[in-house]
Amino acid sequence: MQISRRDLFRSAAAVGGAAALGGLGGLSAEAVAGTGPAARAARVATRSTVLVRGPEGPGGYRPVVTAAGEAWQVRTQLGTTAKAGRASRRRPMVAFTQISDVHIVDTESPMRVENAEAFSKSAYRPQEFLTLHVAEAMVQGINAVQTGPATGRPIAFTLQTGDNADNAQYNEVRWNIDVLDGGTIQPDSGDHTKTESVADSLDPALYDVMFWHPEGTPEGKTDDDARAKYGFPTIPGLLDRARAPFEATGLDLPWFSVMGNHDKLVQGNNHPTASDLARATGDKKTVGVKSRTVTPDPDRRQLSTAEIVEEHFSTTGLPVGHGFTEQNRSDGTAYYTFDRGRFRFVVMDTVNANGGDEGSLSRAQFAWIKDLIATSRRKLLVFSSHHPSWSMVNSLTGDVDPGPRVLGTALVNELLKHDNVIAWVNGHTHTNNIKPHVRKKDGKIRNGFWEINTASHIDWPQQGRIVEIANNLDGTLSIFSTMLDHAAPVTWDESRLDEPLQLAALSRELAANDWQERSNDRRGARGARNVELIVRAPRFMRD
């Protein structure tokens, strides 16, 4: 087996990290001083502090500020008691990080539909040209954590649960892979000498107050709504700094990819057609009610499922393919499994290729899941997908993927039949949620599994999760969830906006102030963040 430079670094860090951080229960002097990797690890893991919206300023604009960290709230809705003394008995089994809905956006693409902002939410976000910098900041945050804060178990891998790209484009797919692998990133398409998006202010005829123009207002025009109504800043030179090349750090551990609707479908809704390809690689982009000429770029072409899978085999990271298998390459499918010790992780493809943003399964994949469970009776099963169960309501059929679809209710009912299914990790909603799925017998709750649904990197609060699973040696397992902030500083420094982490800090603040998101608390309920989820160990572990 080949061992990369990152593997060697990872092994050393894992050994030292648990001792240095003590599971973040006893911080080192460096962490207490507030500087260096240990301090960053403590902060991003949300145990010492959390990030929240601060007090309102002009236009309701709010800074990002710190608040007291959050302990793990114990949840026992599966009917299993959290037994006293379990912390002293506990044996860590696995720890991993989850990132979701990164939505790497090519803001200059003709396939963008920002003009739909006039009548539909989420067609445009003021921070969307900074998605690669947020991804880089999350990579640095994950690398800093190194060990699980609850158990001290070294982080084994990262699971990326879909909508990794925004618009099914080749360049977005490649940017996502490359920022996780590490290396030089050019967050720009078309003409690299200028910005050709709704954010630039170069052509007064194309200026539209519906969009934020960080460079300022052209002569003879009025300030855009973002600055005039909502308190957004003016930052000269920002667009040039945001599209400048930077060196991506790269994850220090293996990462696995899950397919999302925005990875596979145009705007996350429509199966790519020949006309979509012509438009994506063409030179006409809609800006508000007008059309502008942009520099065409063949790298904006839409990819099929098979092509997206294939791109994951062109990588400097591990594992090659990032979970996708030779069977996936030959069949054009995107579901697979991988094992870690006593665990089998089951990655599903819940995208309906016929169209629609909500999810479902093909009959063939559902049959594969049933067969897989039948041959995994002595494995702890953790499922993952892009869509959560409650958004798997897409029954659309068509020529792309004919036949009836399997919806979330049927999948949940199947998983509840098996006591070795303990968790299902997913994204899509851009909001933190954790849902217990209970198994009942004779009218009483008899265990079940936990569904862990994690927020996005493009909307506030731009968080991932650390998930740790431990054997309490009393017939129960504990699944710890700890929210994970990216490594950008809390506040940004305009003089340093040529640095990716500074741009990521700006992005987080912009996301917190997106005027369509101000009333949303996508951090989720308290019980959807830092929690200890109790589940009964399957029978084979109690025999």
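**Exercise 1. Ile142 and its surroundings**

Leaving aside neighbours within four places in sequence, which residues is Ile142 in contact with?

*Solution.* Start with the contacts in this predicted model: with those neighbours set aside, Ile142 touches Thr97, Ile99, Thr158, Leu251, Leu253 and Leu484. Next, place the residue: Ile142 belongs to helix α5, which covers residues 131–145. Then look at its cover. Ile142 has a relative accessibility of 2%, and because buried means under 20%, it counts as buried. Finally, take one pair across the chain: Ile142 and Asp252 are 110 residues apart along the chain, yet their C-alpha atoms are separated by 8.5 Å.

**Exercise 2. Three salt bridges**

Find how many salt bridges the whole structure holds, then work out whether the partners in the pairs Glu196 with Lys194, Lys284 with Asp283 and Glu517 with Arg522 are buried or partly exposed.

*Solution.* A nice warm-up is the total: a search of the whole structure gives 32 salt bridges. As background, side chains of opposite charge can pair when their charged atoms come close.

- Step 1: In the bridge between Glu196 and Lys194, the closest N and O atoms lie 3.8 Å apart, inside the 4 Å cut-off. Glu196 is at 3% relative accessibility, so it counts as buried, whereas Lys194, at 35%, is partly exposed.
- Step 2: Lys284 and Asp283 meet through their side chains at 3.4 Å, N to O. Here Lys284 has 47% relative accessibility and counts as partly exposed; Asp283, with 31%, is also partly exposed.
- Step 3: For Glu517 and Arg522, the N to O distance is 2.7 Å. Both Glu517 and Arg522 are buried.
- Step 4: Salt bridges can also share partners, and in that way Arg112, Glu114, Glu128, Asp166 and Lys285 are joined into one network.

**Exercise 3. A charged patch on the surface**

Which residues gather in the patch of positive charge on the surface, and which elements give two or more residues to it?

*Solution.* First list the members: Lys83, Lys441, Lys444, Arg446, Arg536, Arg539 and Arg542. Then map them onto the secondary structure: strand β16 (444–453) and helix α16 (539–542) are the elements that give two or more residues to the positive patch. To finish, zoom in on one member. Lys444 sits in strand β16. The relative accessibility of Lys444 is 51%, and since exposed means over 50%, Lys444 counts as exposed.

Definitions and conventions: Residues are numbered from 1 along each chain as its sequence is written. This is a predicted model: local features need pLDDT of at least 70, side-chain atom pairs count only at pLDDT 80 or more; totals for chains, interfaces and linings use all residues. Side-chain values use heavy atoms; hydrogens and water are left out. Patches are made of residues with over 30% relative accessible area and no salt bridge: like charges are joined within 9 Å, nonpolar side chains (Val, Leu, Ile, Met, Phe, Trp, Tyr) within 5 Å. Accessible areas come from the Shrake-Rupley method with a 1.4 Å probe; for residues, only the protein chains shown count as cover. Lys and Arg count as positive and Asp and Glu as negative; His and the chain ends are not counted. The place of a charge is taken as NZ of Lys, CZ of Arg, CG of Asp or CD of Glu. Helices (H or I, at least four residues) and strands (E, at least two) are DSSP runs, numbered from the N terminus. Buried means under 20% relative accessible area, exposed over 50%, partly exposed in between (1.4 Å probe, protein chains only). Contact means heavy atoms within 4.5 Å.
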